[in-house]
Amino acid sequence: MSILRLRGLSKSFGGLVAVDEVSFEVSRGGIVGLIGPNGAGKTTVFNLITGNYKPDEGEVIFENKNITGLLPHKIVEMGIARTFQNIRLFPEMSALENVLSGCHCRMRSGLLASMFHLPGQRREEQAALETAVKELAFVGLEEQYDNLAKNLSYGRQRLLEIARALASGPRLLILDEPAGGMNDQETQDLIGLIREIRGTGISVLLIEHDMNLVMKICDYLIVLEYGAVIATGLPSEIKKNGRVIEAYLGADNLLEN
Amino acid sequence: MIVRRLPKPAGIMGLGALFILMLALPRILGPYWTNLLNDMGIYAILGLSLNIILGHCGLFHMGHAAFYAVGAYVTAILSTRFAVPILWTLPLSGLMSGVFALVVARPIIHLRGDYLLVVTIGIVEIVRIALVNNIFGLTGGSNGLLIINPISIFGFQVFSPAHFYYLIWSIGAVTILLFYLLQNSRFGRALNYIKQDELAAEGCGVNTSHYKLASFVLGAVWAGMIGTIFAAKIETVSPQSFSYSESVLLFAIVILGGAGSIPGVLLGAFLITGLPEIFRELQSYRLLFFGAAMVAMMIFRPQGLIPPGRRFYKVRPYLGRFPCGIAARSGARRGISLSASPGYPAGTDAGADAGKPARGPGDMIEEQA
């Protein structure tokens, strides 16, 4: 039973084929890792799923609905939330307001309700605040709610992005290098956090270069090279896959650690 | 840096004193200065409407005079040709201006930064030239239109500067209140998300093109309605009132005062319309001072004289009620291991604002030893 299915997804920029006929599935409740060397097209695949790019060919099927070519905010509304490889928070706004941006698509009050603070708008605002504090607490940043996003440490900014994504109430969470720039302890905490997220019924698709993290939490891996899928399988299988070791790691002892 | 509100009684008393002062001003100052306050009020409200687009949403819009012109001309045409009472045209001016904004902004809304700026300058020039050329035979060409009948509210005729003062500043007060409420809402936040990072906003579920367009239309509706008041006050509506330099003046009010800040825009309107009058003798040097002030501002205080304050949220009832997805695990580990760098106890970054360095691993080890 899969929550997300990619079928023959292709994208080229000028003469460069960034993503070449990529097909894979993410099972409901799974943690799937998308790995590959730098420039393999991993982030492009993410941008195709989340609507930042439109594929030249192929389809993205989410919960049996074709979401190919929808605008990013529509895709968030349908239940896919993401984080960015190079953190993209709203730097001059507080941690709380950053998370409230995730709540935005679950709120309904329009211009007039906002201008007159009608009773429905006030109730909705309170509910959004509650959700935002809940997600902040979940990633361990409750105490930081009033700090500006730009003043948080790098690791915490990554956590804040996750909280913001969770606030949109997704069923699939897409993480682009969530451990990038984190120290060992922070990465350990992140592993726990991603497991907790899965525990709440959210499927996770992630790009990560930290093999330790990938091998620990992913129950399925997809390996990209030059925009094409070269291997898929359980982490234990990927570890032993000769093609992957050759293409991605170069040396065969790196995965042992 | 929690924004603290004034304690309630002091706040109410302050507002009361301000209200009484505002009521008394026309009597104290006399008609000449009252008239200046009226101009200031019109610019303040126009600045506030541009502030939605430029200050909150971060769209470089330098053609606001075009929307203002549509409002003023709708009033002038309806009043001179069809003898419609002026106040009745107020909502219609807003509506027409809003529709105009929707039509012209829709195709250009995806333009970024200075590209948008150039196109909006084009819009204000096209509107001015269309008015000069007596478009549809309605606008009276470069002479404009002369409004004969004054504003009448339930039979009371508004004509003296003091009358206009009360009318304009009542509208100003309503505008300030509504825009204040708006900026503290889902709508206001959405505009700020777009200003800070449009791609991230879209990726978080904000329909960015919708909100950008909505900010344009809202700003235009307000500018159109003020156009009505302006037309009634000035009595002759002509193209030179809506030139490109008028748009630049409004742009400067918002940027100088503080983009996204209501008090900032009010101060900006005061400085830009008030100071040249107060220092009348120096008028020939006016543009020199103006230019120098703008250059100095951009170098020393690019965020404006009064940058926007932080929003205030009542989060207290929700704090400490929800579980942490990390605490359970890292807490247990912290108990047994000293060697790893510590997990982050909640709150250690709180001082980062004040320039205190975040706690490093060393601090924790010292404490435990």
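Leaving aside neighbours within four places in sequence, which residues is A:Glu177 in contact with? In this predicted model, the residues that A:Glu177 touches are A:Gln85, A:Arg158, A:Ile207, A:Glu208 and A:His209. A:Glu177 itself sits in the loop that runs between β7 (172-176) and α7 of chain A. The side chain makes an interesting case for anyone who looks at charges: A:Glu177 is buried, yet has no salt bridge. The nearest side chain of opposite charge belongs to A:Arg158, at 5.6 Å. Because a salt bridge requires the nitrogen and the carboxyl oxygen to lie within 4 Å, the pair of A:Glu177 and A:Arg158, 5.6 Å apart, is not counted as one. A:Arg158 nevertheless appears among the contacts of A:Glu177.

Attention now turns to the interface of the two chains. Chain A brings 62 residues to the contact and chain B brings 59 residues. The size of an interface is often expressed as the accessible area that is lost when the parts come together. Between chain A and chain B, about 5,600 Å² is buried, and carbon and sulfur atoms give 57% of that area. Charged pairs also take part, with five salt bridges counted between chain A and chain B. A salt bridge joins the side chains of A:Glu97 and B:Arg311, with an N to O distance of 2.9 Å. In addition, 20 residue pairs are in polar contact across the interface, both residues of each pair being at pLDDT 80 or more.

On the side of chain A that touches chain B, the elements giving two or more residues are α2 (72-78), α3 (95-103), α4 (111-116), α5 (119-138), α6 (154-166) and α7 (184-199). Of these, α5(A) provides the largest share, 10 residues. By residue type, this side of chain A divides into 25 nonpolar, 20 polar and 17 charged residues.

Chain B can be described in its own right. Its secondary structure consists of 13 helices and four strands, and 46% of its 369 residues count as buried. Among contacts in chain B with a separation of 6 or more, 77% come from residues 24 or more positions apart. One helix deserves a closer look: α6 of chain B (residues 186-196) is largely enclosed by the rest of the structure, because nine of its 11 residues are buried. The buried residues run through B:Arg186, B:Phe187, B:Gly188, B:Arg189, B:Ala190, B:Leu191, B:Asn192, B:Tyr193 and B:Ile194.

Methods. Residues are numbered from 1 along each chain as its sequence is written. Chains are lettered from A and ligands numbered from 1 in the order in which they are written. This is a predicted model: local features need pLDDT of at least 70, side-chain atom pairs count only at pLDDT 80 or more; totals for chains, interfaces and linings use all residues. Side-chain values use heavy atoms; hydrogens and water are left out. Contact means heavy atoms within 4.5 Å. Buried area is the accessible area (1.4 Å probe) that two parts lose on being put together, summed over both. A polar contact is a pair of N or O atoms within 3.5 Å; within protein, one must be able to donate a hydrogen and the other to accept it, and residues adjacent in sequence count only if both atoms are side-chain atoms. Ala, Val, Leu, Ile, Met, Phe, Trp, Tyr, Cys and Pro count as nonpolar, Asp, Glu, Lys and Arg as charged, and the others, Gly among them, as polar. Buried means under 20% relative accessible area, exposed over 50%, partly exposed in between (1.4 Å probe, protein chains only). Lys and Arg count as positive and Asp and Glu as negative; His and the chain ends are not counted.
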